[in-house]
Amino acid sequence: MFDEIMRKFEDSPSQQAVIRLLLERGFSVNDEGRVVSGGIEIPNTGIAREIDVDRRVVDATTDAILADEELKHIFQNISAIPSLRDLAPVLNLTVLTVDVLDADEPGIVATVTGLLADHGISIRQTISEDPEFTDEPVLYIIMDADLDGEIINELRDLPFVRRLSIE
């Protein structure tokens, strides 16, 4: 899906940057063509400054979104989900990051969370990046417990795991 969306803006790398930002941040576009997070309007100048484009590029991108029924449906229904990942150090939580060989392989989340559950580890949040929206999707597991060596070795030995990191 991500590739299809980006193809619609293939003639404008600046508009692609706007699209990427909207998707990464979970910003939507309202009926007036304004970028919003929930009911809070995000000024186009702020978006433009963030990705180093002219404000008019943001205007043109939101106009194009509203003119395309498929894009309009996507960008009027997207929303942000609060993440504990960046708060983990402050809240004394552990973040397990799992880089996988093939994110399209079924059962990755179930296998990792099942292994943690088998060891009595309670999970506070999982964030699984969508392979359609990012080049190298990663699975983040946020939990209260520290991981011992046995669990780390079991996770590392899973056939789909490329790399693990623990923060």
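Contact here means heavy atoms within 4.5 Å. In this predicted model, local features need pLDDT of at least 70 and side-chain atom pairs count only at pLDDT 80 or more, while totals for chains, interfaces and linings use all residues. Residues are numbered from 1 along each chain as its sequence is written, and side-chain values use heavy atoms, with hydrogens and water left out.

Among the contacts in the protein chain with a separation of 6 or more, 65% are accounted for by residues 24 or more positions apart. The C-alpha trace of the chain spans about 55 × 30 × 25 Å along its principal axes. The chain has 8 helices and 7 strands, where helices (H or I, at least four residues) and strands (E, at least two) are DSSP runs numbered from the N terminus. Of its 167 residues, 40% count as buried, a word that stands for under 20% relative accessible area with a 1.4 Å probe and protein chains only.

One residue to follow through this fold is Thr-94, which is placed in strand β4 (residues 94-100). Thr-94 counts as buried because its relative accessibility is 5%. Leaving aside neighbours within four places in sequence, Thr-94 is in contact with Ile-141, Ile-142, Met-143, Ala-145, Asp-146, Ile-166 and Glu-167. Two of these partners can be looked at in detail: a polar atom of the Thr-94 side chain lies 3.0 Å from the backbone oxygen of Ala-145, and the side chains of Thr-94 and Asp-146 are joined by a polar contact of 3.1 Å, that is, a pair of N or O atoms within 3.5 Å, of which, within protein, one must be able to donate a hydrogen and the other to accept it, and residues adjacent in sequence count only if both atoms are side-chain atoms.

Methods
Buried means under 20% relative accessible area, exposed over 50%, partly exposed in between (1.4 Å probe, protein chains only).
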